[in-house]
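Good morning, everyone. Please have a look at the sequence and the fold before I start talking.

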Amino acid sequence: MKRVLSAAVAAFVLLVPGALTQNPPAPTLDRVGFPASYQDWPVLYVYDRPDNRQVRTIFANELAYNVEDGQQSNYPYGSILVMQTWACLRDTSGACILDENGRFQKDPAATPTLFVMRKEKGFGQEYGPNRTGEWEYVAYRPDGSYQTTPQNSFSCAVCHSEAQKNLDYTYRTTLRTHNGSGAVPNIVITSYRFLPSTLTVKAGTVVTIVNEDAPAHTVVDDDRYATDRMRRGNSVSIKFTVPGEWNYHCSIHPSMQGKIIVQE
Ligand SMILES: [Cu+2]
């Protein structure tokens with residue numbers, strides 16, 4: 001009897017370390033640190049995320065903010081990026097209510113989460129096969145408690161290891177350097193086309209056009225509206241107040257044409 005009992009206890013003890021090793025490796029210490037003053041930092045980009053209906057505001061400390069286009073493959077030591085995720089203000093159907101610039105708005109009743117990544121010399125080693133350079137990750141609630149502990153931050157590394165290496169494992173940091181607004185686009189430029197080529201909107205709508213094509217394009221009309229050359233990632237938002245039809249094209253590739261029909 002005694003023997004059976006001790007065997008059961010031994011089996012239980014053995015199972016615990018077995019269960020722990022199922023998680024990929026991650027740091028055990030928090031070397032990221034709660035960014036208490038992040039709201040005073042410059043905003044790197046604001047991304048309206050339609051699938052989970054969030055406003056994602058990315059703050060960067062000065063070091064990270066000052067990284068220019070083309071230098072993003074190697075953020076300097078001391079760089080900290082804070083992604084504040086905030087549920088959008090919704091109408092009764094659950095859709096995000098757009099503001100007058102066509103952007104999502106933060107629901108004042110919602111509580112944000114702070115996803116933080118920090119790069120320092122020698123950081124990141126403990127992620128083992130999922131290491132993303134010298135970044136370490138943690139997610140906090142506004143009161144400083146953990147949403148994702150260092151031990152669980154392997155999930156961050158696993159996902160960010162799929163981001164572009166030439167952006168130092170960050171995902172959308174070119175939104176600032178390539179003049180992307182982060183608004184949900186109504187029209188996408190791709191393969192030398194405006195898609196959809198005809199769009200119908202109500203008067204008062206802000207229409208966002210984003211270039212996701214490799215070469216630069218423009219949006220111009222026969223009258224006087226003209227954007228600069230829009231390279232990949234660049235977006236433009238235009239508000240349509242007067243009902244009617246607006247025909248536009250690309251000045252570099254005149255066969256690229258589009259039409260926006262504005263209804264009362
Ligand atoms: Cu073009």
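I will go from the domains to one central strand, then to a loop residue and the cores.

First, a caution: this is a predicted model.

Start with the domains. The domain assignment splits the protein chain in two: domain 1 covers 38-177, and domain 2 covers 187-263. Their C-alpha centres are 29 Å apart. How many residues are in contact between them? On the domain 1 side there are 4, and they meet 4 residues of domain 2. What is the character of the domain 1 side that touches domain 2? We find 1 nonpolar residue, 3 polar ones and no charged ones.

Now to strand E4, residues 113-119. Of its 7 residues, 5 are buried, so the rest of the structure largely encloses this strand. Which strands does E4 pair with? One partner is E3, residues 80-87, antiparallel, over 6 bridges. In that pairing, Leu-81 sits opposite Met-117 of E4. Another partner is E5, residues 135-140, again antiparallel, with 6 bridges. There, Lys-119 faces Trp-135 of E5.

Next, a loop residue. Where is Ala-26? Look in the loop between helix H1 (2-20) and strand E1 (43-49). Is Ala-26 buried or exposed? It is buried, because 22 C-beta neighbours fall inside 10 Å, and the cut-off for buried is 20 or more. Its contacts farther than four places along the sequence are Glu-126, Tyr-127, Pro-150, Gln-151, Asn-152, Ser-153 and Phe-154. Take Ala-157 as well: 131 residues separate Ala-26 from Ala-157 in sequence, yet their C-alpha atoms are 8.7 Å apart in space.

On to the cores. A general point first: in soluble globular proteins, nonpolar side chains tend to be buried together. Here, the largest nonpolar core holds 27 residues. Which residues have the most contacts inside it? They are Ile-58, Leu-81, Val-82, Val-116 and Tyr-137. The elements giving two or more residues to this core are strand E2 (54-60), E3, E4, E5 and helix H3 (154-160). E5 provides the largest share, 5 residues.

Stay with Tyr-137 for a moment. Leaving out residues up to four places away in sequence, Tyr-137 touches Val-32, Met-117, Ser-153, Cys-156 and Ala-157. Met-117 is the residue we saw opposite Leu-81. Ser-153 also came up among the contacts of Ala-26.

Finally, there is a second, separate core of 11 residues. Among its members are Val-210, Met-230, Val-236 and Cys-250.

That is the tour. Thank you.

Conventions
Residues are numbered from 1 along each chain as its sequence is written. This is a predicted model: local features need pLDDT of at least 70, side-chain atom pairs count only at pLDDT 80 or more; totals for chains, interfaces and linings use all residues. Domain bounds come from an automatic or database domain assignment. Two residues are in contact if their C-beta atoms, placed from the backbone, lie within 7 Å. Ala, Val, Leu, Ile, Met, Phe, Trp, Tyr, Cys and Pro count as nonpolar, Asp, Glu, Lys and Arg as charged, and the others, Gly among them, as polar. A residue is buried if 20 or more other C-beta atoms lie within 10 Å of its own, exposed if 12 or fewer, and partly exposed in between; C-beta atoms are placed from the backbone. Helices (H or I, at least four residues) and strands (E, at least two) are DSSP runs, numbered from the N terminus. Two strands pair if DSSP finds at least two bridges between them. A nonpolar core is a set of buried Ala, Val, Leu, Ile, Met, Phe, Trp, Tyr and Cys residues joined through C-beta atoms within 7 Å.
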